[in-house]
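Q: Please take a close look at the largest pocket of this structure. What lines the largest pocket, by class?

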Amino acid sequence: MTLRASRRGLVPPFIAMDVLRAANEREAGGADVIHLEVGQPSAPAPEPVLEAARQALKSAQIGYTDALGIAPLRKAIAAYYQAQYEVSVDPAEVVVTTGSSAAFQLAFLAAFEPGDRVGVAIPGYPAYRNILAALDIEPVLIAAGENAHYQPTPELLTDVGRLDGLVVASPANPTGTMIHAVDLARLAEYCCERGIRLISDEIYHGITFETAAATARAYGKAAVIVNSFSKYYCMTGWRLGWMLVPPDLARSVECLAQNFYISPPALSQLAALPVFGCRTELDAHVGRYRQNRDLLIGTLADAGLSRFAPAEGAFYLYVDISSLTRDSADFCRRLLAETGVALTPGLDFDPVDGGSWVRLSLAGATEEVAEAARRLADWLAG
Ligand SMILES: Cc1ncc(COP(=O)(O)O)c(C=O)c1O
């Protein structure tokens, strides 16, 4: 008898991870690779984090914790909102999660029914629409191009019909564009008035080059705020994130978390306790990302690629390659095979126009980024 596999499980791949696998295979075969495809800092977590982990291994039982996270970490996260945004947050609103990736599953399940319609910007982070689809929630693609600063606006939302939710990210992946405070306030008000649940992905907060990012929590408690220790805090592999949960969703998020994964990793939570005190070291990385951004923009412009999304934050450059090709997947494959430089095709972020774009990560060491830019420029010239 034939066994069935579910339709819901048939989500598209996260292409950046597929490129990473191809790049790793090439590396394992002895070839050199410069990784500009993955969105993760090359720097390790700050030393106080590593030391806290060592101490925890010596002295603490690494057991399950409260499903919502350990109390001192929830308190430290709440205090961060006061220090960073002058917004008062009760530690009871804070839910520590297994990366922000788990927070999306919890938030989408707690807030939406199967068949609900949730807006996501295109270009945008692919996991939003793929997780929504796996949960039988309809991702509604909002084409947010250059005129809209690559971000959803109330005007764009009115064009897509009924929405039950909206996911925004500022700074965004892959574009690095931001929704500045007045626009975020307008968007939050628009959503609140129409019963649209706003989910604000604030994972790239801290990595901004011109102005600091605004939190949607400043405009009320109705939005779900998602954040993570992965990016600014350089803790991707520790799999630790958090969310601020509106009162009406708090208990269901707690019960979902208990049942889905019992608790976030205890070792990572103990390690993260000192990280809010490591801003000097972490801000130095942000300085490097800015330097990498400027360097890449200069080299690519000299090589004839001069249309980018304005990267105000995060650590990516989203580059228009339509003057060369409309097949970004083939472009990235050939570039990797012929130069060892790994990039992500725009198709990951935009199923409609992504063939004309590629994403470069700026999160590596400046020498590596400079070498990758040089190889890319030579390849384009040859
Ligand atoms: C915009 C955005 N949100 C969420 C994530 C998920 O990160 P994590 O699960 O490590 O917190 C990523 C990772 O690349 C991302 O770019």
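A: What follows describes the largest pocket and its lining.

The model is predicted: local features need pLDDT of at least 70, side-chain atom pairs count only at pLDDT 80 or more, and totals for chains, interfaces and linings use all residues. Residues are numbered from 1 along each chain as its sequence is written, and side-chain values use heavy atoms, with hydrogens and water left out.

A pocket is found on a 1 Å grid over the protein atoms alone, as an open set of points where a 1.4 Å probe fits, with protein on both sides within 12 Å along at least five of seven lines. Its volume is the space filled by probe spheres set on the points, which are joined across faces, edges and corners. For the largest pocket this is about 610 Å³.

The lining (residues with an atom within 4 Å of a point) has 33 residues, and those closest to the pocket's centre are Phe14, Ser101, Tyr125, Lys231 and Arg239. Two or more lining residues come from each of helix H1 (15-28), helix H4 (99-111) and helix H5 (126-134). Helices here are DSSP runs of H or I with at least four residues, numbered from the N terminus. H5 gives the most, five residues.

By class, the lining holds 17 nonpolar, 11 polar and five charged residues. Nonpolar covers Ala, Val, Leu, Ile, Met, Phe, Trp, Tyr, Cys and Pro; charged covers Asp, Glu, Lys and Arg; the others, Gly among them, are polar.

The second largest pocket has a volume of about 260 Å³. Its lining divides into nine nonpolar, three polar and six charged residues.
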